[in-house]
Amino acid sequence: MSYETTLFAHIAQWLTYRIEDVAVEALGHILSQSLAAREALTDALKDGCIDVGSLDRVETQEIGDEREIPDLSSYDEDGIKRVLIEAKFWAELTKNQPNQYLKQLQADRKGRAAALLFVAPRARLETLWPELRRLAEEKKPKFILNDTFETGDLRSASIADGKLRLLLTSWAALLGRMEAQAFTAGDTTAEADIKQLRGLTDRMDGDAYLPLQQEDLKSEFPSHMLDLAQLADDATRHAIKNCWANTEGARATPQRRGYGRYVSIGGVGTWFGIHTEGWARHSDTPLWPSFHETYRENLEQAKLDGEWVEIGGRLCIPMELPNVAEYNKVLNSVVNCLGSFAKLFDPSVPEKSENIDSDFFRQWLQQKVEPEFAKRMLGVAQLVDEAAWRAASRAAEDGSRWANTDGLKKIIHPRREGYGRFIRIGGVKAWLGIHFGAWAGHCDTPLWLVFDHHEGPRLANVTASVHKVHWKHCIPINVPATAEHDEVLETVVDSLKDIAIQLEDSNG
């Protein structure tokens, strides 16, 4: 079951870029209000070979003697601190983690068993656990780790007398256990709250920023994406020409997770195109028709039940592409597949058309459908949102206006080019995002700052290189290869600030 469609998961990313803080407060609320949730937490710790007894009270963001601020502090019935929880998504460890937290627990546990638990996305466990162990043993105060073991999504190591442990688990494992315990206990309120939080953590886990490798930055990758977008457009146009689809009443809306078109196929409302999320996580193909939940019965009557994957509240069906070298053969396959859907939904639609011919040979390479690139692009799309929020927030903290999003549309999907959002930089309206066209033709980076044609004079004194792409002025924003999330985010925000300052000075 997917939880990513919960209301909490949907709105949290629009309210703040401090998603970790939101998740901490939500987890703290659940643990404070639900005995079943606290029991699930202690059961998880027992699996990690530490029994802290019953937990009675949970506090968030308590400040320690060394100014360390653990996300959650849990106390037993005697008021003794027994568990510290640190909630992570993709932010780096702070200077106090984990050593100062272990020191705090060692002082406050009054000789009783205690645990420091880190919770992180499943995709991060393999890299975060060695880092936690290394820091615990190398930074001051140093801790010697013993009895280290790994099982499933749980990592655990003993410290000192064995009554203090360092643990790491995934959001999915912890919240799954809590949800099951709440269900068993009949705690329906906690169960509903946990599902809401799981929606957010599942989304953050899925949108992980995976470091781009040097080969990912080559121009062939964005060129492939542009070719896929062309294929989606060509197939839709031919399906309409064959009377298998029409655009009556169809309305296009911006989407972060892919490029496509809204059409009616055999009388059933359909979105068809590149579905990056489905491609990355569910099936090794970029093209997907997807349908609103209200058309479930139509799909069942067409005997398509079992074919779809539920993603973001929609029923999505992967469309396999043939392993051939000619573009027209791929196009014919896709068009005929759309026709097959139309025939299943409405038997009165025309039969298959003749093959689509062309006067020239156009090559098609099957490696264009590898899903690893799609996974990385999902992370870069998440980075776009975070960079816009971080830049606007930092400008506000500085007491300046070098970046803001006031009065601007939240999201824009610029046709085939990629995903992005509007932002005002140095007083000039721009678009920040993944621009496949600029990337393929000019510079090996997925992120670009795009200005309207008439803003050319304002960009004259900007030291960064400016390229013209489809009558727009585009400035590349460097995304360093192999760098982790936080380093990339800081690099992007610093680049935006430099450009903003130059624009302000130029127009001063």
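# A guided tour, starting at helix 11

Select residues 327-345, which form helix 11. At 1.5 Å a residue, the 19 residues of this helix should span 27 Å, and the end C-alpha atoms lie 28 Å apart, which agrees. Keep in mind that this is a predicted model.

**Stop 1: the buried side of helix 11**

Stay on helix 11 and show the side chains. Which residues of helix 11 are buried? They are Tyr 327, Val 330, Leu 331, Asn 332, Val 334, Val 335, Asn 336, Leu 338, Gly 339, Phe 341, Ala 342 and Phe 345.

Now look for what covers them. The cover includes two helices, helix 8 (220-241) and helix 10 (296-301). It also includes strand 9 (258-265), strand 10 (268-275) and strand 11 (287-292).

**Stop 2: helix 8 against helix 11**

Add residues 220-241, helix 8, to your selection. Helix 8 and helix 11 have axes 9 Å apart and pack at an angle of about 55°. That angle makes helix 8 oblique to helix 11. The crossing of helix 8 past helix 11 is right-handed.

Which residues make the contact? From helix 8, select Gln 230, Leu 231, Asp 234, Ala 235, His 238 and Ala 239. From helix 11, select Tyr 327, Val 330, Leu 331, Val 334, Val 335 and Leu 338. Color them by class: the contact has 9 nonpolar residues, 2 polar and 1 charged.

**Stop 3: His 224**

Stay in helix 8 and pick His 224. Buried or exposed? His 224 counts as buried, because its relative accessibility is 12% and the cut-off for buried is under 20%. Next, select Ala 440 as well. His 224 and Ala 440 are 216 residues apart in sequence, yet their C-alpha atoms are 9.0 Å apart in space.

**Stop 4: Val 268**

Move to strand 10 and pick Val 268. At 1% relative accessibility, Val 268 counts as buried. What does Val 268 touch, leaving out residues up to four places away in sequence? Select Val 263, Phe 291, Tyr 295, Asn 298 and Phe 345.

The last of these leads back to helix 11, where Phe 345 is one of the buried residues. Val 268 and Phe 345 are 77 residues apart in sequence. From C-alpha to C-alpha, Val 268 and Phe 345 are 7.1 Å apart.

**Stop 5: helix 2 and helix 6**

Clear the view and select residues 19-33, helix 2. The 15 residues of helix 2 should span 21 Å at 1.5 Å a residue, and the end C-alpha atoms are 21 Å apart, which agrees. The buried residues here are Ile 19, Ala 23, Val 24, Ala 26, Leu 27, Gly 28, Ile 30 and Leu 31.

Add helix 6, residues 171-185. The axes of helix 2 and helix 6 come within 13 Å and cross at roughly 25°. The two helices are therefore roughly parallel to each other. Helix 2 passes helix 6 in a left-handed crossing.

Zoom in on the contact. Ala 23, Leu 27, Ile 30 and Leu 31 of helix 2 meet Trp 171, Leu 175 and Met 178 of helix 6. By class, that contact has 7 nonpolar residues, no polar ones and no charged ones.

**Stop 6: backbone exceptions**

Most peptide bonds are trans, and most residues other than glycine have a negative phi. Here are some exceptions to visit.

Start with Gln 97 and Pro 98, which are joined by a cis peptide bond with omega of about -5°. Pro 98 sits in the loop between strand 3 (81-87) and helix 4 (99-108).

Go on to Lys 140 and Pro 141. The bond from Lys 140 to Pro 141 is cis too, with omega near -10°. Pro 141 lies in the loop between helix 5 (125-138) and strand 5 (145-151).

Now step into strand 5 and pick Asp 147. Asp 147 is not a glycine, yet its phi is positive, about 50°. Asp 147 is partly exposed, with a relative accessible area of 49%.

Last, pick Trp 471, in the loop between strand 18 (467-469) and strand 19 (472-477). Phi of Trp 471 is also positive, near 70°. Trp 471 counts as exposed, at 68% relative accessibility.

**Stop 7: the whole protein**

Zoom out. The protein has 14 helices and 19 strands. How many of the 508 residues are buried, as a percentage? Buried residues make up 53%. Among contacts with a separation of 6 or more, 63% come from residues 24 or more positions apart.

Note on methods. Residues are numbered from 1 along each chain as its sequence is written. This is a predicted model: local features need pLDDT of at least 70, side-chain atom pairs count only at pLDDT 80 or more; totals for chains, interfaces and linings use all residues. Side-chain values use heavy atoms; hydrogens and water are left out. Helices (H or I, at least four residues) and strands (E, at least two) are DSSP runs, numbered from the N terminus. The expected span of a helix is 1.5 Å times one less than its number of residues. Buried means under 20% relative accessible area, exposed over 50%, partly exposed in between (1.4 Å probe, protein chains only). Contact means heavy atoms within 4.5 Å. Axes are lines fitted to C-alpha atoms, for helices over the stretch in contact, and angles run from 0 to 180 degrees between N-to-C directions. Angles under 35 degrees count as roughly parallel, over 145 as roughly antiparallel, 65 to 115 as roughly perpendicular and the rest as oblique. A crossing is left-handed if the near helix is turned anticlockwise from the far one by less than a right angle, and right-handed if clockwise. Ala, Val, Leu, Ile, Met, Phe, Trp, Tyr, Cys and Pro count as nonpolar, Asp, Glu, Lys and Arg as charged, and the others, Gly among them, as polar.
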